[in-house]
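Biologist: Hi, I'm new to this one. Can you walk me through it?

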Amino acid sequence: MNIGFVGLGKMGFNMVEHLLEVGREVTIYDISAEAVSSLTLQGATPAGSLESLAVILQRPRVIWLMVPAGKPVDDVLQGLAPFLDQGDIVVDGGNSRYSDSQKRANQLREKGVVFLDAGTSGGLEGARHGACIMVGGDPDGFAVIEPLLQDICVPDGYGHMGPSGAGHYVKMVHNGIEYGMMQAIGEGFDLLETSGFDLDHEQVASVWTNGSVIRGWLMELAAQAFKRDGRLGYLEGKIADSGEGRWTVEAALEQQVSIPVIGASLFRRYRSRSADNFSDKVVAALRHEFGGHGFTSES
């Protein structure tokens, strides 16, 4: 299967490196000539335009998008659509809003093209060495890309969540939970910071990653961040958000479901942009460690 890949940002670049490493043929397109050149040297086939990408790929085509949510996805789909044929599959692996994915699936279905929404988790490390992917859309289309998912995911780290929109909905809730978990970690270390015990935060986080109830990857990332600087002096405490937390709270309001922890963690991010404290620095550090996210709301 020759895969088309559009979007070579931090996540997309790592995913293509992973695909090449496992022996997949990948045709790539991105507005960054530097990213295209680097991956071409590693064995990818470059395409100078979306039309060229479509021409190079074998039919039925499988094209994976890793571009920012919203208008960028629509722009790519608009650019690709004239060159797609019945039976082709387009996968949106970014963090699009689930309702947008439902609309896009309906639009492409009229052309006979399958659109799958694939929420991708695992950060930069997962993109490079094994991700977790939640897919929504046509089950036959999912069956076509399943061998590809087996290549790029950790064992048991992918699944078909349901009809169009389900993959991105599950990923949205996943990220809402992530907001709450990171906020709790940040607040805990804020309490430790003000305890008067002159604690070594790296040591605490390292101990907590081994056998404790709250062990896990986020705690490992906390230890990693504190190893760099035990007081996170290289950071501002301004925490950006990329949309999923807001969408989760909006969905909860529509469905009349109480999610006070997730809601509070979202509002805390807003608050962080007007003041600075240690818990915000911890959350900002966690986001940077797993996703390479910037340290300020402008990043």
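Modeller: Sure. Keep in mind that this is a predicted model. Let's start with the largest pocket: helix 1 (10–21), helix 4, strand 6 (114–121), helix 6 (123–129), helix 8 (166–193), helix 10 (217–228) and helix 13 (278–291) each supply at least two residues of its lining.

Biologist: Which helix gives the largest share of that lining?

Modeller: That's helix 8, with seven residues.

Biologist: And how many residues line the largest pocket in total, and which lie nearest its centre?

Modeller: There are 48 lining residues, and Met11, Asn95, Ser242, Glu244 and His293 lie nearest the centre. The space in the largest pocket comes to about 1300 Å³.

Biologist: OK, switching to strands. What does strand 4 pair with?

Modeller: Strand 4 pairs with strand 1 (residues 2–6) in the parallel sense, over four bridges. Strand 4 also pairs with strand 5 (residues 89–92), again parallel and over four bridges. For instance, Ile63 is the bridge partner of Gly4, and Ile89 is the bridge partner of Val62.

Biologist: Which helix sits in the β-α-β unit with strands 4 and 5?

Modeller: Helix 4 (residues 71–80), and the unit is right-handed.

Biologist: Are the side chains of strand 4 (residues 62–65) buried or exposed?

Modeller: All buried: Val62 and Trp64 point one way, Ile63 and Leu65 the other.

Biologist: Which residues touch the most other members of the largest nonpolar core?

Modeller: Phe5, Leu8, Val16, Ile28, Trp64 and Ile133, out of 32 residues in that core. A second, separate core has 21 residues, including Ile185 and Leu235.

Biologist: What does Ile28 touch?

Modeller: Leaving out residues up to four places away in sequence, its contacts include Phe5, Leu8, Val16 and Leu53.

Note on methods: Residues are numbered from 1 along each chain as its sequence is written. This is a predicted model: local features need pLDDT of at least 70, side-chain atom pairs count only at pLDDT 80 or more; totals for chains, interfaces and linings use all residues. Side-chain values use heavy atoms; hydrogens and water are left out. A nonpolar core is a set of buried Ala, Val, Leu, Ile, Met, Phe, Trp, Tyr and Cys residues joined through side-chain atoms within 4.5 Å. Buried means under 20% relative accessible area, exposed over 50%, partly exposed in between (1.4 Å probe, protein chains only). Contact means heavy atoms within 4.5 Å. Two strands pair if DSSP finds at least two bridges between them. A crossover is right-handed if, with the strands pointing away from the viewer, the path from the first strand over the helix to the second runs clockwise. On a 1 Å grid over the protein atoms alone, a cavity is a set of points where a 1.4 Å probe fits but cannot get out, and a pocket is an open set with protein on both sides within 12 Å along at least five of seven lines; lining residues have an atom within 4 Å of a point. Grid points are joined across faces, edges and corners, and a volume is the space filled by probe spheres set on the points.
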